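Visitor: I'd like to go through a few of the labels on this one. Could you show me the model, and tell me what stands behind each label?

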Amino acid sequence: MSEHFTSYSRLTQHRSCPQSWFYGSMMKLERIPSNEAKVELEFGNWWHALRAAESIERGRSLGSLKSVPKMLGTVDNGPEIPTEQQTVVEAVFAAALKWESELSSTKHEVWQARLGGGLTERLRYVNDRWIEQWEAERKFEEPLAVEYRWRRELPSVKQPSGELVDPDTAMVGYIDEVYYDKRRGIVVARDHKSHKGLSNQTTLDDMMDSQLQVYAWGGAPEIEAWGYGPIRAVAYDRVRTTKPSKPALTAGGGLSKSTSDYDLRTYLDFVGEGIPWGEPDTYVLSGPRKGTPKWGTYQVDPAVVEHLSSPVTVSRWMQRTLTPLNRNIVTAHLRAAVDTALDMTLTRQRAAQSGQAARNLSESNCRWCDFQGLCRAQMVGGAEGDYDLEALGLREKP
């Protein structure tokens with residue numbers, strides 16, 4: 001068994017700055033939480049809980065579940081939802097409604113300004129659209145695991161000198177969902193994400209997404225033992241959180257082009273049974289359209305429906321990717337993970353002697369670092385000094 005544990009985020013933090021990693025992972029410090037509303041983060045946490053709950057209910061009905069957590073977490077210091085109950089989805093909605101009702105009026109205003117609605121309103125709307133969009137595909141999915149926690153020893157790697165080095169480190173992490181794709185006959189590891197806005201995938205997005213391939217490697221031994229075969233692909237399921245804009249009509253009864261950021265459901269609800277426009281019994285008095293009425297009823301336009309139903313437009317609100325597991329990608333990530341784990345060992349040794357680690361000082365690193373104040377204080381006064389953590393906005397992790 002390895003002496004040390006790490007995760008993808010800790011590896012990334014150490015690469016960014018060993019001293020920042022030292023504060024967080026070795027000294028167990030964190031920034032004192034602010035009272036500001038973290039709208040996008042909090043919605044994302046509730047969205048994860050809702051997707052997990054839906055997969056649990058669906059997996060139970062299919063008899064396919066192999067691994068389920070006893071509790072579903074939500075936001076920091078927020079409620080936890082037991083998964084033993086039958087209606088886990090409604091339990092998440094009930095907990096979200098209660099949590100939202102206890103927010104201050106100021107935070108309610110922030111939610112409205114950032115997402116265009118409150119938590120429960122947006123959660124239900126996005127969930128309804130998600131089910132509409134993926135209903136056909138869900139019929140071919142059998143959930144196997146939810147919030148699956150994995151642990152796997154990092155492999156030994158041959159150094160340039162030819163020496164085989166064991167990093168003596170186990171990597172841990174969570175896979176949001178593991179499911180069996182009956183249509184393709186493969187096991188897939190899926191990650192759920194929510195974003196304020198969605199754009200077309202870029203090369204950078206693909207590279208950032210590739211970390212899920214390492215998670216698939218991490219859970220592979222136990223998952224393959226379930227009898228469905230090895231993980232063959234990874235998937236990202238993304239949703240947009242902000243509320244769609246409301247369409248508008250021009251004075252001439254046409255659909256205004258000044259407002260176009262809406263989805264199909266918003267458009268259909270806006271039109272309803274038809275929207276009267278203009279002033280009855282008025283006519284164009286001159287010009288080529290002389291004598292034509294200046295009033296009428298706007299009805300659902302099939303061309304608009306077709307446009308809003310197109311994959312390009314839908315991708316502004318929901319996206320799904322499915323990528324085959326790639327051995328080369330996994331190898332690249334693992335090689336980097338081992339190198340960083342070995343660097344962590346040096347950092348521990350250096351910190352044990354001097355009380356501090358190497359610093360990667362750069363504007364991009366330091367500007368947003370939670371430990372900026374303490375780091376500067378120790379650079380000036382030394383690591384052995386007595387520093388008021390609270391005054392520096394820090395505390396020991398609970």
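Guide: Sure. A strand here is a DSSP run of E, at least two residues, numbered from the N terminus. Residues 141-153 make up strand 5, and Glu 141 is part of it. Keep in mind that this is a predicted model.

Visitor: Why is Glu 141 called buried?

Guide: Buried means under 20% relative accessible area. Glu 141 has 5% relative accessibility, so it counts as buried. Its neighbours, leaving out residues up to four places away in sequence, are Arg 58, Leu 62, Tyr 179, Tyr 180, Arg 190 and Arg 320.

Visitor: What makes the pairing of the Glu 141 and Arg 320 side chains a polar contact?

Guide: The N or O atoms of such a pair must lie within 3.5 Å, with one able to donate a hydrogen and the other to accept it. The two side chains make their contact at 3.3 Å, so the distance fits the cut-off.

Visitor: Why is helix 4 called roughly antiparallel to helix 6?

Guide: Helix 4 (residues 88-101) packs against helix 6 (residues 119-138) at about 150°, and the axes are 9 Å apart. Angles over 145 degrees count as roughly antiparallel, so helix 4 gets that label relative to helix 6. Among the residues in contact are Phe 93 and Trp 99 of helix 4, and Leu 123 and Arg 124 of helix 6. By class, the contact has six nonpolar, two polar and three charged residues.

Visitor: And what makes Ala 332 partly exposed?

Guide: Partly exposed sits between the 20% and 50% limits. Ala 332, in helix 12, has 45% relative accessibility, so it counts as partly exposed.

Notes: Residues are numbered from 1 along each chain as its sequence is written. This is a predicted model: local features need pLDDT of at least 70, side-chain atom pairs count only at pLDDT 80 or more; totals for chains, interfaces and linings use all residues. Side-chain values use heavy atoms; hydrogens and water are left out. Helices (H or I, at least four residues) and strands (E, at least two) are DSSP runs, numbered from the N terminus. Buried means under 20% relative accessible area, exposed over 50%, partly exposed in between (1.4 Å probe, protein chains only). Contact means heavy atoms within 4.5 Å. Axes are lines fitted to C-alpha atoms, for helices over the stretch in contact, and angles run from 0 to 180 degrees between N-to-C directions. Angles under 35 degrees count as roughly parallel, over 145 as roughly antiparallel, 65 to 115 as roughly perpendicular and the rest as oblique. Ala, Val, Leu, Ile, Met, Phe, Trp, Tyr, Cys and Pro count as nonpolar, Asp, Glu, Lys and Arg as charged, and the others, Gly among them, as polar.
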